[in-house]
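Ready for a few warm-up exercises? Have a look at the model below, try each task yourself, and then walk through the solution.

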Amino acid sequence: MAGVMNRLKNLDAYPKINDDFYSRTLSGGLITLLSSILMLILFFSELRLYLHPVTESQLRVDTSRGEKLRINFDVTFPALACSIISLDSMDISGEQHLDVKHDISKRRLDSYGNVIETRQDRIGHTKIENPLQKHGGRLEHNETYCGSCYGAEASDDECCNSCEEVREAYRKKGWAMTDPEIIDQCKREGFVQRVKEEEGEGCNIFGFLEVNKVAGSFHFVPGKTFRQSGFHLQDLLVFQGDSYNISHKVNRLTFGDHFPGVGNPLDGVQWTQETLNGMYQYFIKVVPTEYTDVKGDVIQSNQFSVTEHFEKTEAGRTQSVPGVFFFYDLSPIKVIFTEQHVEFLHFLTNVCAIVGGVFTVSGIIDSFVYHGQRAIKKKMEIGKFG
């Protein structure tokens, strides 16, 4: 048994030195104090990394198909009234949504930016009393209302019972409704009066769009969009004048849900128009993103980058209409963020490396200082007795 114990003693990698042979120095004490402080700083830094999750990223080809893309927006136009702003969207698959009203709200703003009224755009029309019938007479008791479309009827039995339906019929025909005052529905609903009352006001429009996950665009324009000879035109109302100020501020624009660490480069961006009519264009590159937190919950969202361009519109150009346009395209590469905790063994390994590394380096420094001091002291003694 004693032989086994002696063999184990010979394996000791940490031979002990008698206390009588220790020599403690002031420089050694300072180095020990500084190295201890450094150890504590590095230890707490490693502990913080261990307690808080870290996010790892990787890139993959996006193989998703047939999904929808949700676009959340909040845009303020300080010089365009809510009654004349319309929202359109379209994509390369050919799907178009003109004058979108679903899930859209508008706030009327005065010249100082204060909210006058908040209303939600809706499908339908205002009920009017004693309207003009399609046959030319006024609505009589127990008679079904069928208003005229003023030549824009697609069939003989089609009715336009509101100003909005007349404008829609005109849009389908590719006509511009330039004088709403001659339309009975618009006149009785007070459409013209409402537009005139809102002249000089601003508008904050916000909501979201559900679009196909393909390249496309959406835009805010004055008037209602219609097609003519393959071009998109606007029925710019004559009583609004011939110039439109499209100065705007993008309060918020996101593609998909929020996730930790996401940055939206257009949030808070403001642009002021210095010339007359023009098209302000944003070209957006959307990058599909998947975020998985430490609980395993997955958020499917997107990031994006953007470039901007202003194009001044010229009279007579059918392809150039005033408005703010957002053109987006999707990247084929998907970014995947995974949130996870550092393993305990990895944390323990790093702590040991910190303690051992600092202790070893401080020992080397202390040895250099100690032997340097001794060498200098010997030279001084030799010079003194020499």
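**Exercise 1. Work out how Val-287 sits in the fold: what is its accessibility class, and what does it touch?**

Step 1. Val-287 counts as partly exposed because its relative accessible area is 22%; the classes are buried under 20%, exposed over 50% and partly exposed in between (1.4 Å probe, protein chains only).

Step 2. Before going on, a word on the ground rules: this is a predicted model, where local features need pLDDT of at least 70, side-chain atom pairs count only at pLDDT 80 or more, and totals for chains, interfaces and linings use all residues. Residues are numbered from 1 along each chain as its sequence is written, and side-chain values use heavy atoms, with hydrogens and water left out.

Step 3. Find the residue's place: Val-287 belongs to strand β13, residues 278-292. Helices (H or I, at least four residues) and strands (E, at least two) are DSSP runs, numbered from the N terminus.

Step 4. List its contacts (heavy atoms within 4.5 Å). Leaving out residues up to four places away in sequence, Val-287 touches Ser-301, Asn-302, Gln-303, Ser-331, Ile-333 and Val-335.

Step 5. Take one of those partners, Val-335: 48 residues separate it from Val-287 along the chain, yet their C-alpha atoms are 7.3 Å apart.

**Exercise 2. Which salt bridges tie strand β13 to other strands?**

Step 1. Start with the rule: a salt bridge is a side-chain nitrogen of Lys or Arg within 4 Å of a carboxyl oxygen of Asp or Glu. By this rule the count comes to five.

Step 2. One of them pairs Lys-285 with Asp-329, at 3.4 Å from N to O. This pair links distant parts of the chain, with Lys-285 in strand β13 and Asp-329 in strand β15 (residues 323-330), 44 residues apart.

Step 3. Check the exposure of both ends. Lys-285 is partly exposed because its relative accessible area is 35%, and Asp-329 is partly exposed at 36%.

Step 4. Another pairs Lys-334 with Glu-290, at 3.4 Å from N to O. Here Lys-334 is in strand β16 (residues 333-340) and Glu-290 in strand β13, 44 residues apart.

Step 5. Lys-334 counts as buried because its relative accessible area is 13%, and Glu-290 is buried at 18%.

**Exercise 3. Which residues join Asp-62 in a salt-bridge network?**

Step 1. Salt bridges that share partners put Asp-62, Glu-67 and Lys-213 into one network.

Step 2. Look at one link: the side chains of Asp-62 and Lys-213 meet at 3.7 Å, N to O. Asp-62 is in the loop between β1 (54-61) and β2 (68-77), while Lys-213 is in the loop between β7 (202-212) and β8 (216-222), 151 residues apart.

Step 3. Is Asp-62 buried or exposed? With a relative accessible area of 14%, Asp-62 is buried.

**Exercise 4. What sets the backbone of Asp-103 apart, and where is this residue?**

Step 1. Most residues other than glycine have a negative phi.

Step 2. Asp-103 has a phi near 60°, a positive value in a residue other than glycine.

Step 3. Asp-103 is in the loop between β4 (96-97) and β5 (104-109), and its 39% relative accessibility makes it partly exposed.

**Exercise 5. Zoom out: what does the whole chain look like, and where should you read with care?**

Step 1. Count the elements: the chain has six helices and 16 strands.

Step 2. Of the 386 residues, 39% are buried. Among contacts with a separation of 6 or more, 71% are between residues 24 or more positions apart.

Step 3. Turn to the record: UniProt (unreviewed entry) places "transmembrane region" at residues 21-44 and 344-370; such annotations may be inferred rather than shown by experiment. In the model, residues 344-370 are 100% helix and 0% strand, with their end C-alpha atoms 39 Å apart.

Step 4. Check the pLDDT, the predictor's confidence in each residue, from 0 to 100. The chain averages 80, and 80% of the residues score at least 70.

Step 5. Residues 228-233 stay under 50, and residues 236-240 stay under 50 too. Where pLDDT is low, the predicted coordinates should not be read in detail.
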